[in-house]
Amino acid sequence: DLDADLPLTQTVFGKVFELYHAKVKEDNSCGLSYSKSKKVIAYYVHTNNLRLHEEMLADFGTLPPSKIWARRGHFLSSATKLKFNNEYGVKSIAADDVVMIEDLGTVGCGFISEQYLEALLGNNTEARRTLGIQVRIFIPTKGVFKGMLMRKQGINSKIQLNESLRKVLPSKSDEASDNGHIVIKRTFPSKDNFQGVGRLFQNPDDLSKNKIKSITKSFRDGLQKGTSCKLSPMYQRVLQGLGIPKDILKQYIRQYQKNAENLCHTHVIGMSDPTNKLPPNSVFLTGILEIDRLFVSRSPCMEAEDGHVVKVVQTKPTEMRDDEWEWLQSLTFGAIIFGNPRPGDRPLPELIADGDLDGDLYFVLWHKTLLSLIQPVSFTNDELLAPIKDDTAKEKQYDPHWFDKTQRFISRIPHLHADIDQLIGMTYKASEAIDDIRDSDSTSFARAYKQALDAKKHGGSIFLPEHLWETVPNKLHKHLAK
């Protein structure tokens, strides 16, 4: 029942289980996305004292209930299965394995030594071509971390993290442990990029050395069926809004579905610059040197300004050492590495559909004809300027009632998220129904859609101009702000 609160406890075989987490998911048996019937998945746990247990894991008491709900979700993260031993990627880790470094604008990406990365993945061929891993790290004396770890050469520590990855501060308990776990959620490059797109850029000189590998049949079949490298309607709408005629875009789709060699787009994982020597507002696309410009975006992209044409570094930057450049060139295809921002500027990923580097996949397009038709959207000075940090901000205060507040919040998740899901579906369809992506109402609906997605995860208001409220049922107005 989406209108009823979840019980705070459940008794099973005489044991009391406490509510830990809940989410509303679609019932895939019927309906369209965000219009399907909903089902509630609730998690209950049995411990001697859940509150005490959590306070020994991290400093949850300084977070609001919506944040605690989101952070508890990290503990439920699924781990990828490692091929070399058929075990899930959950490994023990100690506080000494992690070093905190300065955040230079990495927005969710840290680094991992090549030796440690390859050891985690089995010291095999697949491990050696891995660019990075998406992780969750839980160490009570360090905190809870979420994001990407990009491989990095020449570092003594196993893992380098920064504050952009830390989601919960260290536990304040005197009994907090220095031992924890790292959960490997995904490894990169993706299967499509390794078996398909990356093989379009192999060095012909390797042909005589029997190093050339053909694009797999499954990848070619996937292109024809639209299951591999699909150019989604969302991206098509943005590209058309930036000046590419619909018929030319459709022609390109037919061409790459018929012949994989015509493919000029994919999704790649976003990562931070491990050398800190790429020019600001530039990118490096691993595995390719032939491309000098890219159209880059990410989902959700609902406004024309959510996509930008950016410069791709093709030659060694002046400040970069020869061995660093050679190492960058040796990396497998499948990642877009963002240069760190100038002091005082925002990181480039944040300027591309409000992205970050904690696991976001970026849509990249390098088709020369299509790029020539795009009417570029320049970054404004206001967009580039990073918000001024308030150095006088008070330290987060511990709330002695955090646990009870969080339990009540989670008990209300079913009806809260059902409402938000309805707003997500309505605002998306309303924006898409307006042909001109630059229309002010389309933009308002698009921004409300993105805010609704964020509100579902973190809470917050959904802004919509007053004249558009009539398109929203009255019962949902409580979630809107003018």
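Which residues of H12 are buried? To find out in this predicted model, select helix H12, residues 402-411, where 7 of the 10 residues are buried and the helix is thus mostly covered. The buried residues are Trp402, Phe403, Thr406, Gln407, Phe409, Ile410 and Ser411.

Keep H12 on display and add helix H13, residues 413-432, which packs against H12 at an angle of about 55°, with the two axes 5 Å apart. That angle makes H12 oblique to H13. To see where the two helices touch, show the side chains of Phe409, Ile410 and Ser411 in H12, together with those of Ile413, Pro414 and Leu416 in H13. Sorted by class, this contact has 5 nonpolar residues and 1 polar residue, with no charged residues.

For a second helix pair, move to H7, residues 233-241, and H8, residues 246-258, whose axes are 10 Å apart and which pack at an angle of about 135°. H7 and H8 are therefore oblique to each other, and their crossing is right-handed. On the H7 side the residues to pick out are Gln236, Leu239 and Gln240, and these meet Lys246, Leu249, Lys250 and Ile253 of H8. The make-up by class is 3 nonpolar, 2 polar and 2 charged residues for the contact of H7 with H8.

The cysteines make the next stop. With a disulfide taken as a pair of cysteine sulfur atoms within 2.5 Å, the count comes to 0 disulfides. Select Cys229, which is in no disulfide and whose nearest cysteine sulfur, that of Cys264, is 11 Å away. Cys229 counts as buried because its relative accessibility is 9%, and Cys109, at 0% relative accessibility, likewise counts as buried.

Go on to Lys172, in the loop between strand E12 (166-168) and strand E13 (179-188). Is this lysine buried or exposed? Lys172 has a relative accessible area of 54% and is exposed. If neighbours within four places in sequence are left aside, Lys172 is in contact with Glu55, Asp59 and Thr62. A distance label between the C-alpha atoms of Lys172 and Thr141, which are 31 residues apart along the chain, should read 8.1 Å.

The remaining stops concern the backbone. Most residues other than glycine have a negative phi, and most peptide bonds are trans. With that in mind, select Phe188 and Pro189, which are joined by a cis peptide bond with omega of about 20°; Pro189 has its place in the loop between E13 and helix H5 (191-195). Then step to Ser299 and Pro300, where the peptide bond is also cis, with omega near 5°. Pro300 lies in the loop that runs between strand E16 (293-298) and strand E17 (308-312).

Two asparagines complete the tour. Asn123, in the loop between helix H3 (114-120) and helix H4 (125-129), has a positive phi of about 50° although it is not a glycine. Asn281 is found in the loop between strand E14 (265-272) and strand E15 (282-285), and phi of Asn281, near 60°, is again a positive value in a residue other than glycine. With a relative accessible area of 23%, Asn281 is partly exposed.

Key:
Residues are numbered from 1 along each chain as its sequence is written. This is a predicted model: local features need pLDDT of at least 70, side-chain atom pairs count only at pLDDT 80 or more; totals for chains, interfaces and linings use all residues. Side-chain values use heavy atoms; hydrogens and water are left out. Axes are lines fitted to C-alpha atoms, for helices over the stretch in contact, and angles run from 0 to 180 degrees between N-to-C directions. Helices (H or I, at least four residues) and strands (E, at least two) are DSSP runs, numbered from the N terminus. Angles under 35 degrees count as roughly parallel, over 145 as roughly antiparallel, 65 to 115 as roughly perpendicular and the rest as oblique. A crossing is left-handed if the near helix is turned anticlockwise from the far one by less than a right angle, and right-handed if clockwise. Contact means heavy atoms within 4.5 Å. Ala, Val, Leu, Ile, Met, Phe, Trp, Tyr, Cys and Pro count as nonpolar, Asp, Glu, Lys and Arg as charged, and the others, Gly among them, as polar. Buried means under 20% relative accessible area, exposed over 50%, partly exposed in between (1.4 Å probe, protein chains only).
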